[in-house]
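Let's take a walk through this protein model, one piece at a time. Keep the 3D view open and turn it as you read.

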Amino acid sequence: MSNSDLHAAARSVLQTAQGPVTYYDLHVVERAGLAKLDRLPFSIRVLLENMLRKVDGYLVREEDVATVAGWNPTNPPRREVPFMPARVLLQDLTGVPVVVDLAAMRSAMVRSGGDPKLINPLVPADLVIDHSVQVDFFGSELAFQRNVTIEFERNTERYLLLRWAQQAFQNFRVVPPGTGIVHQVNLEYLASVVMAQSQDGAAVAFPDTVVGTDSHTTMINGLSVLGWGVGGIEAEAVLLGQPYYILLPEVIGVRLTGTLRQGVTATDLVLTVTEMLRRRGVVEKFVEFFGPGLGQLPLADRATIANMAPEYGATCGFFPIDEETLRYLRGTGRTAAQVDLVERYARAQGIFRTDATPDPQYSDVLELDMSTVESSLAGPTRPEGRVPLGEVKDKFQVALGSFYKKTGPAGSGEQAAAASTATAVAERPGVPVELDGQNVRLDHGSVVIAAITSCTNTSNPSVMIGAGLLAKKAIERGLDTKPWVKSSMAPGSRVVADYLANCGTMPYLEALGFHIVGYGCTTCIGNSGPLPEAVSQAINEHDIVAAAVISGNRNFEGRVHPDVKANYLASPMLVVAYALAGSLSVDLATDPVGHDRAGQPVYLSDIWPTQEEIRDAVANAVKPEIFASRYGEVFNGDEAWRNLPVPQGDLYQWDTSSTYVQEAPYFLMQPAEVPPLQDIRGARVLAYLGDSITTDHISPAGAIPLRSPAGQFLIARGVKQAEFNTYGARRGNHEVMVRGTFGNIRLKNQLTPNVEGDWTQHLPDGERLRIFDASMQYQAEGTPLVVIAGREYGNGSSRDWAAKGPMLLGVKAVIVESFERIHRSNLVGMGVLPLQFKPGQSAASLGLTGLETYDIAGIADGLQPGQDLTVTARKDSGEEITFPVTCRIDTPVEVDYYRQGGVLQAVLQKIKEANRV
């Protein structure tokens, strides 16, 4: 039987509560001798179904089915396969540039004499507006409404664009602001686990799969939906009907046993998993969870683990469909017919897991006994930097000396010679500050931000209700938040507020300052808003190493707040506890959190709720009815959203005076004829960077500084500093974004070793310039640019501007020791060449200084996936250093993207050719 016959033979009918549905039976592949189905990881089975159902001889070829069916755990086929996701998920910071690019493609199509409606999403897409609210107001019942009001004032232009897109494009829905975080809305409502769509008059059932323009799209893996984050440019290609090409990965199995002990939360579990998998090394790999412990793991806990896949470096962290999946669907208000479809389809396809299901074969297996997990935080700068609760105080003191170079009290001017000389933070007098009539002292380790935020934990009822119960016990003992702590809560959906109210804990959280400030990504992405002026002034005048404790997923330098250097990830319960303690100098494992009204010490164990208390409260407060009620009106929005005027027409009317939305330049830059590939000659280094350069270092994020190139650009156009908004809000304007690229205040460019931030040397004259200014000068001179860096280049959020920005700066190639998966792909998608040093080699080992000129040869000879190229670095003295690099263009399709200048240009050209434009 040929593979084309397989496609026809696999077509079967399944009886469900919704009536008969057609599906493509995976067992046909097994009967054909191509695979032993129960030995394949569940995630690979989902990919196999995708190939089998989508075979058309063009986008998906017959051999693709055989390739996936032949997956080998120890030696997976090193061949790309065309994955066709069922839908695309967008958040507004990354979604607005997608809409801008699609609108620009329509404009380009019209300039070519074509129909603009040829540019239209062919795959359903949902955009959730969740990244625009900031914590300007907090600690008040009015905080939410005030923050929402300011959000609309700042973002009306962007929201008008999205209202236009909602009416102009097919298959495109928008969830309005003030509803929830994209990943939690996806988990609680958008995802169906198994989809049924009408095709040729029949209902066809298939697994729900998704790609999203946010790294934490992986959260949906906890609900057994295969999906992961991609760059905006890749998402656009999928929207336009193009496959997402993926090299078949290794699949690392994590066998879970045991159960969590008393006092240990899902957050502690995920920090342990993150540390374990990051140490193992799972970049560009699938991770799949199995073992007897799965039955003891609620789906919300699974989603918490899956959410952090980018932090442990995996493409996804997948949990197969089982009884817990069905229970969660029922509990979140999905219909009985939908739950029936999921169960019947999964069992028929052999993708339903029970305790009797044989364990698949994995490329490697790690074991985790969940009873060994202990209460933990992660910090001060990396999600994988797990610290047991009882060691936080001591390890922070060590970090003060070794990392932050501090000893003595804040403001004393003493500098550390070594970590061992540091004195305990608690013994330091600190810097006096007056806050609301109170005289307090700030010192190194003072917690100035305590935020319950981020999709990772606010989707989990057990830790959210646990935080509420802890707040209740703290209030009953007379404890209060320290006055220098900015406390806030941004739930991932309105359902959270409902169940916190149902269990009676909301008043206690509010009494500690944890009022709801918005429904969206706030502090976790840097939308933390200003600190009280007196606190900010003290931190900056005395160089205080202030701290934030947040229930988020990322704590990279400069991400949470520019005034806060030490950032720790923790459960919502520990966020409340540190708001009470007010300092990392308090050892919450042994020291009192505070003192009660009688002056008696109150320890964390005194106010920590038991698992039974949390379980009972969750059972009584979290009901299917609240999900059905909230999501029944999810696309309506509030009065402000409904009253926005909706721009009409198939073409977006660009406003050249707008500082928020401008026509993307990529198609204006596209030549009429695709030129032949050329070698790169005479390039200069724009930035020479170290290890773990994240997309936060590259892509503009957070507040726009007044004296930055972007700030000065806005000032020159009459925008007052108070109206700057954030880089994220202005992602639809390339003029702002390119000026903020590499603008992270903590960036360390070795070409300018004595200053941090977006500085470089212009060569050969050696003048120190802003990176943007140097780029403009190089481009005027006709000099191509390269970036050199170390390991793990491009870690972090899937930010398309981390690739778009360097391309617009004139960067032609990036040479590093290793890439993060999404960022490598995004570089190719923008026509930037990703090159990798050979194992054992680095810029340092080769003696490169970044002051050389660079030639990259072998491109013009006919670029092939994964081929070696030759780099020659030429010093001013004439000495040459020649070394090979691996071209990390990994697939033939990526070669075509690079040849045409990027994926968008390639897709536009393909649409033109198909329609004879």
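In this predicted model, four strands line up in an open sheet in the order E14-E13-E12-E15, and their pairing is parallel. Look at the two ends of that row: strand E14 (316–318) and strand E15 (364–369) are the edge strands. Each has a single partner strand, so one side of each is left without a neighbour in the sheet. The sheet isn't flat, either: neighbouring strands are turned by 25 degrees against each other on average, direction ignored.

Now zoom in on E15 and its partner. Strand E12 (residues 251–257) pairs with E15 in the parallel sense, and 6 bridges hold that pairing. If you'd like one spot to click on, try Thr 257, whose bridge partner in E15 is Asp 369.

There's another open sheet to find, this one with 5 strands. Its order is E6-E5-E4-E9-E10, again with parallel pairing. Here the edges belong to strand E6 (172–175) and strand E10 (226–229); each has just a single partner strand, so one of its sides has no neighbour in the sheet. From one strand to the next, the twist averages 20 degrees. Inside this row, strand E4 (residues 87–91) and strand E9 (residues 209–212) run parallel and are joined by 3 bridges. Arg 87 stands opposite Val 210 in E9.

Here are the two strand pairs side by side:

| Strand pair | Sense | Bridges |
|---|---|---|
| E12 and E15 | parallel | 6 bridges |
| E4 and E9 | parallel | 3 bridges |

On to some helices. Helix H5 (residues 92–111) packs against helix H6 (residues 143–168) at an angle of about 60 degrees, and their axes are 10 Å apart. How do we describe the way H5 and H6 lie to each other? Angles from 65 to 115 degrees would count as roughly perpendicular and those under 35 as roughly parallel, so this pair is called oblique. The crossing of H5 past H6 is left-handed.

Last stop: the largest pocket, with a volume of about 1,200 Å³. It's lined by 50 residues, and the closest to its centre are Pro 562, Gly 702, Ala 703, Ile 704 and Pro 705. Helix H19 (533–542), helix H25 (695–698) and helix H27 (734–740) are the elements that give two or more residues to the lining. Which of them gives the largest share? That's H19, with 4 residues. Sorted by class, the lining of this pocket has 17 nonpolar, 21 polar and 12 charged residues.

How values were computed
Residues numbered from 1 in each chain as written. Predicted model: local features only at pLDDT ≥ 70, side-chain atom pairs only at ≥ 80, totals over all residues. Heavy atoms only, no water. Pairing = 2+ DSSP bridges. Axes fitted to C-alpha atoms, helices over the stretch in contact; angles between N-to-C directions. 1 Å grid on protein atoms, 1.4 Å probe; cavity = no way out; pocket = protein on both sides within 12 Å on 5 of 7 lines; lining within 4 Å. Points joined across faces, edges and corners; volume = space filled by probe spheres on them. Nonpolar A, V, L, I, M, F, W, Y, C, P; charged D, E, K, R; others polar. Parallel < 35°, antiparallel > 145°, perpendicular 65-115°, else oblique. Left-handed = near helix turned anticlockwise from the far one by under 90°.
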